[in-house]
Amino acid sequence: MDVSPEETVAKAIEDILAILDFDVKAKLDITGTKAALTAMVKEAQVLQFKMVLKDLNAHLQANGIDIATLEGSTSSFLGSVRFMQATALRDWNTNKGSQISPEKTVCEVGFNAGHSALLWLLAGASRVISFELGKHKYSQLANEWLSARFPGRLLVVMGDSLQTVPTFHTMFTHEKCDIVFVDGGHTSQQAWEDLTHFKELVDLGRNASNGHILLVDDTNMPGVGEAWAQAQAQGIAVEDGHVLSHNADVNDFPFSSDLRWIGNFVTESPGAIRWPWPGKLSYGRYLP
Ligand SMILES: C[S@@+](CC[C@H](N)C(=O)[O-])C[C@H]1O[C@@H](n2cnc3c(N)ncnc32)[C@H](O)[C@@H]1O
């Protein structure tokens, strides 16, 4: 799916109105119907992600992986999931009809168990390029599973991103990212280097409306927060906002509905265990 809920619903309503008489149209609550349907489509997108995520986790479990030991996943934060889906779809749509290629690339550092990569792929990314250290056995298992499910759309580059991102840029200078997601090493040095190296993979020549989006996960953590503050202080990037979550859910991935983003809910996982891990996902853009 690469069309936003708003656009999908507007088109559907347009089609329905086309078969009605004017007198009837005047009596309909079009605005209310649009809002209700849009909320439903957004919920469906989160549920779709949740369902496929369960299949992926089941595959890892079948291969001897204890899901409870996964290093971390943005999918534990419902607010982040909603925001990342909306970001992807908005970005895709922004480019519609422009001279720019409809191909959309997400570059991320931190593949881990493939959860964020799955989210991007379901949200319509034509390609996800993910840089991952590869210290966990499950990363390769998830890579194989996702690559089979989304053929030709996922490239996982194994190795230390401090080396692999600059090398990738040198080897493939034409490669540009539309969405950059920094979620790898969480020390300030690692996050700083990921932030600065990824800047080389963004085309800053584009005008603002067609530009990239930069997401930095876990900016509430000291190391990442420091690097993100430094990037802004040095004029490398700017924050446009952030999504805060109060808890992470670790049972029956995901979710917590603690964060009510645009007022919508996804049904809670029955018996989900909540952990008092807060999450902060910052978003913004690189400056030219
Ligand atoms: C929090 S997890 C990423 C979660 C993932 N983005 C998601 O939302 O599903 C962090 C990942 O970064 C990887 N990582 C840590 N240091 C790295 C480095 N120097 N280069 C590449 N990957 C690194 C870890 O191996 C781990 O898989």
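**A seven-stranded sheet, its helices and a ligand**

In this predicted model, seven strands form an open sheet in the order S3-S2-S1-S4-S5-S9-S6, and their pairing is mixed. Strand S3 (154–158) and strand S6 (237–245) are the edge strands, since each of them pairs on one side only. On average, neighbouring strands of the sheet are turned by 15° against each other, with direction ignored.

One pair of strands can be followed in more detail. Strand S2, made of residues 127–132, runs parallel to S3, and five bridges join the two. Within this pair, Ile129 of S2 stands opposite Leu155 in S3.

Helices pack on this sheet. Helix H5 (residues 115–122) touches strand S1 (105–109), S2, S3 and strand S4 (179–182), and its direction makes about 170° with that of S2. Helix H9 (residues 222–233) also packs on the sheet, where it touches strand S5 (213–217), S6 and strand S9 (279–286). The direction of H9 makes about 150° with that of S6.

The next step is to see how helices pack on each other. Two packed helices are described by the angle between their axes and the distance between the axes. For helix H8 (residues 188–199) and H9, the axes come within 7 Å and cross at roughly 40°. An angle under 35 degrees would count as roughly parallel; H8 and H9 are therefore oblique to each other. Their crossing is right-handed. On the H8 side the contact is made by Ser188, Ala191, Trp192 and Leu195, and on the H9 side by Gly223, Val224, Glu226, Ala227, Gln230 and Ala231. Six residues of this contact are nonpolar, three are polar and one is charged.

H8 also packs with H7, at an angle of about 5° and with the axes 10 Å apart. This angle makes H7 roughly parallel to H8. From H7, the contact uses Ser161, Leu162, Val165 and Pro166; from H8, Gln190, Glu193, Asp194, His197 and Phe198. By class, the contact of H7 with H8 has four nonpolar, three polar and two charged residues.

What surrounds the ligand? The shell holds 20 residues, and the closest are Thr74, Gly110, Asn112, His115 and Gly185. The elements that give two or more residues to this shell are H5, S2 and helix H7 (161–171). H5 and S2 have already appeared in the sheet packing, and H7 in the contact with H8. The residues of the shell divide into four nonpolar, eleven polar and five charged.

Conventions: Residues are numbered from 1 along each chain as its sequence is written. This is a predicted model: local features need pLDDT of at least 70, side-chain atom pairs count only at pLDDT 80 or more; totals for chains, interfaces and linings use all residues. Two strands pair if DSSP finds at least two bridges between them. Helices (H or I, at least four residues) and strands (E, at least two) are DSSP runs, numbered from the N terminus. Axes are lines fitted to C-alpha atoms, for helices over the stretch in contact, and angles run from 0 to 180 degrees between N-to-C directions. Two residues are in contact if their C-beta atoms, placed from the backbone, lie within 7 Å. Angles under 35 degrees count as roughly parallel, over 145 as roughly antiparallel, 65 to 115 as roughly perpendicular and the rest as oblique. A crossing is left-handed if the near helix is turned anticlockwise from the far one by less than a right angle, and right-handed if clockwise. Ala, Val, Leu, Ile, Met, Phe, Trp, Tyr, Cys and Pro count as nonpolar, Asp, Glu, Lys and Arg as charged, and the others, Gly among them, as polar. A residue is near a molecule or strand if its C-beta atom, placed from the backbone, lies within 6 Å of it.
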